[in-house]
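Trainee: I should like to learn how to read a protein structure feature by feature. May we begin with how strands are paired?

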Amino acid sequence: MSRNSRRRAAGAVALAAATAIALAGCGGGADRGGGLTEEGFIQKLEYGGFGGGDNPQVNYNPFLVPTRLAAWEYLYEPLMETNDYTCEATPWLATDFSWNEDGTQLTYEMREGPTWTDGEALDGEDVKFTFELLRDNEALDVDGVWRYLDSVEAPDPGTVVFTFTGPGASAFTLVNNVRIVPEHIWKDVEDPVTFTNEEPVSSGPMTVKSFTPQALVIERNPDFWGAEDVKVQEIQFNKSDAGQVEQLKLSRGDYDANAMFVPNIEEVYVDKDPENNHYWFASGSPISLFMNLEQAPFDDVAFRKAIALGIDRERIVEEAQYGYVEPASQTGLVLPGMEEWLPEGLEGDASYIAYDADAAAEALDAAGYGTDGSGKRLDKTGQPMEFSFKVPGGYNDWIQAAQVMQDDFEALGITIDLQTPTPETVESDRSLGEYEMTFGVRGGTCNMFRNFQEPLASDQTAPTGEKAATNEIRWRDDRTDQLVEELRVAVGEEDQRAAVGELSQIMMDEVPYVPIWYGANWFQYSTKQATGWPNEDDPYAKYADSLLVLTHLQPTGSEG
């Protein structure tokens with residue numbers, strides 16, 4: 001039985017009594033029609049929510065993150081599509097890329113043939129214009145790509161050259177995250193920062209067909225350069241309902257795909273149509289135990305390593321996370337998707353810290369943290385150990401996880417004062433270092449530089465009482481900083497892997513923080529109309545990789 005299969009089985013048992021959704025009368029799946037078009041395409045797929053907040057309005061500006069509608073992912077294209085599962089760059093508007101010798105220039109070769117939906121050609125000038133649009137309107141540069149760029153040039157329609165202020169490999173994923181917009185339309189936009197782009201001229205595989213506050217419909221773009229790989233005529237996004245209503249709609253078969261948390265999903269969803277209803281919760285960024293390293297005993301690596309041994313991650317996963325997720329690797333990498341980044345010696349289960357309460361107690365004893373006659377663990381001044389643990393109020397699964405850890409610490413003779421202030425207070429306290437223990441989420445992306453720079457680099461932290469940029473644990477280590485810098489300037493994949501490997505080893509040896517469990521990428525899907533969805537057995541991408549998923553879908557029953 002696979003790791004995920006064990007999770008599903010355990011989760012179903014754990015929550016069998018917890019599900020109180022009134023499903024009587026649901027009938028196990030509605031008949032929504034569907035079928036194929038005359039051309040053999042899937043007529044329509046039904047998806048979940050389309051974003052835009054509580055009162056969604058027309059907005060297809062791909063750079064206005066809070067209010068853009070989900071169609072933007074299918075309208076505008078990147079140069080390379082980053083696969084969020086494998087972190088590979090898939091050729092898209094560009095067919096290839098190359099670096100100069102010192103890694104300061106990145107050259108893309110543009111695909112021949114892409115056009116905008118008004119018939120105009122898409123070429124390197126559109127790419128140059130788009131990036132300069134972000135440069136001239138800082139609010140649109142949501143990933144901060146211009147912190148690394150010096151210029152973007154298009155010496156000919158088929159070539160785009162990015163020049164960085166220094167070695168630019170660490171910004172490669174940021175460049176590829178930018179969606180390209182048409183110069184001949186956007187050059188006349190008076191204020192791109194407020195432009196809602198209600199009648200989008202785009203280049204991607206789908207175009208907008210209709211919108212109401214309840215439903216957004218996009219349809220196949222026959223002029224898309226890769227149209228032969230798109231077998232879906234329409235996708236309808238449906239405005240999400242609250243909580244159990246949305247779960248009920250999923251259960252009765254209203255959706256071909258959705259991305260939502262569902263308690264007891266085996267009973268609520270899979271059992272309604274075992275042949276077609278499936279789910280896959282790919283691992284995302286780890287949720288980690290942060291300890292303020294400017295305070296004793298958290299500044300003692302022996303203490304941190306002992307604590308890492310004394311946390312029962314399996315129990316946390318089962319009791320607080322419904323068995324849906326996986327315990328996290330101590331490296332901070334999201335496995336197995338990033339397993340090729342692991343250094344020699346950390347393959348397989350070697351980067352996971354197994355729960356061993358006896359070993360944790362022995363390690364604490366050996367490190368000078370003995371117990372008194374009542375079993376209370378004492379610090380090096382002879383005082384009983386008691387720590388506050390701040391968890392955002394309302395984050396119920398995090399609170400449950402902290403309660404499990406409270407038990408684990410109690411077994412070691414350490415008292416935990418579990419506090420649940422508002423999420424805003426916890427965020428502020430974490431940033432200012434005004435905490436002893438808390439949870440944090442860093443890393444787990446396809447930008448390896450940021451994965452390690454944000455939580456570990458000295459220039460990202462500050463003394464307790466001052467706001468840290470991203471290094472909220474206050475980790476300072478010269479070798480870590482050296483490796484982060486090597487990762488920032490590394491051009492070749494071999495150099496990048498060497499730096500990631502050694503940083504992973506520091507995570508194992510020094511335990512600056514303790515990854516506990518991987519966040520879940522929620523994804524439910526039906527194979528009634530379409531096959532080719534990413535799944536545990538075929539993890540070619542994550543559900544959020546919209547362009548990759550769309551071009552893999554095939555009508556059910558077809559030979560693909």
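Mentor: Two strands count as paired if DSSP finds at least two bridges between them. The model before us is predicted. In it, strand 13 and strand 17 run antiparallel and are joined by 6 bridges. Within this pairing, Ala282 stands opposite Asn521 in strand 17.

Trainee: Is strand 17 largely enclosed or left open by the rest of the structure, and why?

Mentor: A residue is called buried when its relative accessible area is under 20%. Strand 17 spans residues 514-521, and 6 of its 8 residues are buried, so the rest of the structure largely encloses this strand.

Trainee: How should I read a sheet of several strands?

Mentor: Strands of a sheet pair through backbone hydrogen bonds, in a parallel or an antiparallel manner. Here, an open sheet of 4 strands shows antiparallel pairing in the order 4-5-7-6. Strand 4 (94-99) and strand 6 (149-156) are at the edges with a single partner strand each, so one side of each has no neighbour in the sheet. From one strand to the next, the twist averages 20 degrees.

Trainee: How many bridges link strand 5 and strand 7?

Mentor: Strand 5 (residues 105-110) pairs with strand 7 (residues 159-164) over 5 bridges, in the antiparallel sense. Leu106 has Phe162 of strand 7 opposite. Helix 3 (residues 124-136) packs on this sheet and touches strand 5, strand 6 and strand 7. The direction of helix 3 makes about 160 degrees with that of strand 6.

Trainee: What does Phe129 touch?

Mentor: Phe129 is found in helix 3 and counts as buried, with a relative accessibility of 14%. Residues up to four places away in sequence being left out, Phe129 touches Val181, Pro182, Glu183, Trp186 and Lys187.

Trainee: How should I think about a nonpolar core?

Mentor: In soluble globular proteins, nonpolar side chains tend to be buried together. The largest nonpolar core in this model has 153 residues, and those that touch the most other members are Tyr47, Phe131, Phe162, Leu289, Phe439, Trp517 and Trp533. Helix 11 (residues 396-411) supplies the largest share of this core, 7 residues. Phe162, named earlier, also touches residues beyond four places away in sequence, including Leu79, Val127, Phe131 and Val175.

Trainee: How does one find a pocket, and which residues are closest to the centre of the largest pocket?

Mentor: Rolling a probe the size of a water molecule over the atoms shows where empty space is left. The largest pocket holds about 1,000 Å³ of space. Its lining has 38 residues, of which Trp72, Asp84, Asp143, Thr173 and Asn177 are the closest to the centre. Elements that each supply at least two lining residues include helix 2 (72-75), strand 2 (80-82) and strand 13 (282-291). Helix 4 gives the most to this lining, with 4 residues.

Trainee: Is Asn276 buried or exposed?

Mentor: Asn276 lies in the loop between helix 7 (265-268) and strand 12 (277-279). With a relative accessible area of 12%, Asn276 is buried. Apart from neighbours within four places in sequence, Asn276 is in contact with Tyr525, Ser526, Thr527 and Lys528.

Trainee: Which residues of helix 9 are buried?

Mentor: In helix 9 (residues 313-320), the buried residues are Arg313, Ile316, Val317, Glu318 and Ala320. Tyr322, which follows helix 9, has a positive phi near 60 degrees.

Methods
Residues are numbered from 1 along each chain as its sequence is written. This is a predicted model: local features need pLDDT of at least 70, side-chain atom pairs count only at pLDDT 80 or more; totals for chains, interfaces and linings use all residues. Side-chain values use heavy atoms; hydrogens and water are left out. Axes are lines fitted to C-alpha atoms, for helices over the stretch in contact, and angles run from 0 to 180 degrees between N-to-C directions. Contact means heavy atoms within 4.5 Å. A nonpolar core is a set of buried Ala, Val, Leu, Ile, Met, Phe, Trp, Tyr and Cys residues joined through side-chain atoms within 4.5 Å. Buried means under 20% relative accessible area, exposed over 50%, partly exposed in between (1.4 Å probe, protein chains only). On a 1 Å grid over the protein atoms alone, a cavity is a set of points where a 1.4 Å probe fits but cannot get out, and a pocket is an open set with protein on both sides within 12 Å along at least five of seven lines; lining residues have an atom within 4 Å of a point. Grid points are joined across faces, edges and corners, and a volume is the space filled by probe spheres set on the points.
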